[in-house]
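Biologist: I am new to this structure and would love a close look at a single part of it. Could you take one chain and walk me through it, ending with the place where a partner meets it?

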Amino acid sequence: MAGQTTIQKILSKRVGKELQIGEIAFVEPDYILTHDNTAAIKKKLKTFGEGVKVKYPERLVVIIDHVAPASKEQDAINHKDIREFVKYNEIKNFTDVGHGICHQVLPEMGLASPGKIIVGSDSHTCTYGAFGAFSTGIDRTEAAGLWISGKTWFKVPKTIKINLTGSFSKGVYAKDLILKIIGDIGADGANYRSVEYVGDGIKNLTVSERMTIANMAIEMGGKCAFFPVDDVLKNHLLANNISEWEAFEGDIDAEYESILNYDLSKIKPQVAFPHAVDNTKDIDAFEGPVKLNQGLIGTCTNGRLDDLQIAASILKGKKIHPDMRLLVLPASRSIYMDAMKDGTLEILIEAGATILPPGCGPCLGAHQGVMAPGERTISTANRNFKGRMGSKEAEIYLASPATVAASAITGMISDPREVL
Amino acid sequence: MAIFYYDQNDINTDLLFPGKYTYGSTEPDFIKEHLFEDLDPEFSKKVQAGDIVVAGSNFGCGSSREHPALGMKLVGVKAVIAKSFSRIFYRSATNQGLLLLELPELVDFYEEGMDVKVDALKGEVEAGGKVFNFPPLPTEMQNIIDDGGLLEHLKKTY
């Protein structure tokens, strides 16, 4: 009998029988995350009658982050609806404007831990694989269904194993690794698959870096991502007062569809060119200069303290190029405070950065730095699709915080290894 | 009955319904108006009930927004035929009761102007005189589609 993959073990444990790959299982997720779309999901409950309440309010996690604070009257109405919904259903896991991005705040609430099953009406819900949890994105309708029934179905996916060895060279980060992997296997290279990271190289990755990598599983089509429950994670959890969890680890003889190997020391800084995340290039392998108008450091991919500190280490004592705007969005209020206390924000502001409130900001094109036709932004976000940040005649380039910071100084895409 | 053919892979949900509208109105007319806006601005003006969409691989990748699937259901798209679909979009379409058919051979065979007929009961699609079969869905998903979407399904069962 072959061993089992991590996802197979988590789902099997929940249903109390050994599931095969491809089998469909009905389970009750531990948490159901929704954000600004909570307002739209609330309207769907009317299908079940006026005044109906959610079945398990303690499982809901509601975070206002996507257009926060409101930029239009409609956003304000949505937020108001959400606050009423939260009060009516007595939802405790709720944060309002300014607390930060859902994928940062949910772990800060202590809800992401090994063995948990978390679904969210946001495609980047796969982020919690960094904590050994099974987490994946669903649509609004399914979130409404879960509020009512508490239950949904999953097909046990095939698994791609990615073996990491070594450690990054100077100027190379987790973002470069995940962009490289996506560039190699393509935007649908992991479609419907679970992506399990293993190998000696993992101990060299912080939880923040693992979140960056797990966050982008969806950009190669992945259903979920997994990092093992090792000392790095355990220490992180304990430091955040989480002491109980159930760790699952895929067996060596489990059925893996493919095994990929990456030596971290061989990775170079990467840039994803418009308009696809898998359109990646080594930073020293394209014709320049690519002139820019804006830099963005933040989002659920790269808005943590280490990301801001890396940018500050490059921008210290420097000024951004006069043709550039540099937007910085700490991913949460707690990160904002830490970056303020340790002087990171001061360095960034002195260099010419604009600090925006914790939230999704311009990543999805709703507000706070959208682009005009013909403009170019280099961003630490996870998507560079056409039209995503304003005009569909604008261009988005994806890179690490270091590459964005280095590029902000020169006004063109620049190699951070030359300024570190 | 018209066929909307997009000879492209990785058509993402931002092209099918731009993010800037995602937190706007949830009224059907608003969703219909912006459907496919950055892929084909003519789509929302021309599409009619019974029409079919044909596209390449990884259709619907990107965000979990359900407006593309919901919008196609609202305007009466009969089926989307693609080489493959992204996972969240596939799930979302099922939740809306929209039929998706993964038929790479058909998409390779398809040429602009060909007639396409879908017979969901028989599990058959005819394109340019050639018949392509599709396997039945898992029961769990078929039940949701038969009931007209997830919420209607849950109304009966929860």
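Modeller: Happy to! Let's take chain A of this predicted model and begin at its surface. Chain A exposes about 14,800 Å², and carbon and sulfur atoms supply 49% of that area. Charge is another way to look at the chain: there are 47 positive and 51 negative side chains in chain A, and the centre of the positive set lies 3 Å from the centre of the negative set.

Now to the inside. Of the 420 residues in chain A, 62% are buried, meaning that each has under 20% relative accessible area. The overall dimensions go well with this picture. Along the principal axes, the C-alpha atoms of chain A fill a box of roughly 60 × 55 × 40 Å. A compact globule of 420 residues would have a radius of gyration near 22 Å, so the 21 Å of chain A agrees with that expectation.

What is the chain built from? Its secondary structure comes to 13 helices and 18 strands. If you take the contacts in chain A between residues at least 6 apart in sequence, 76% of them join residues at least 24 apart.

Finally, the partner. Chain B brings 42 residues into contact with 49 residues of chain A. The size of an interface is often given as the accessible area lost when the parts come together. Here the area buried between chain B and chain A is about 3,800 Å², with carbon and sulfur atoms giving 55% of it. On the chain B side, look for B:Tyr23, B:Arg87 and B:Arg91: they supply 23% of the area that chain B buries against chain A, more than any other three residues.

Note on methods: Residues numbered from 1 in each chain as written. Chains lettered and ligands numbered in written order. Predicted model: local features only at pLDDT ≥ 70, side-chain atom pairs only at ≥ 80, totals over all residues. Heavy atoms only, no water. Helix = DSSP H or I, 4+ residues; strand = E, 2+ residues; numbered from the N terminus. Rg over C-alpha atoms; globule rule 2.2 N^0.38 Å. Buried < 20%, exposed > 50% of the residue type's maximum accessible area, 1.4 Å probe, protein only. Contact = heavy atoms within 4.5 Å. Areas by Shrake-Rupley, 256 points an atom, 1.4 Å probe, with all protein chains shown as cover. Lys, Arg positive; Asp, Glu negative; His and termini not counted. Charge placed at Lys NZ, Arg CZ, Asp CG, Glu CD. Buried area = accessible area lost by both parts, 1.4 Å probe.
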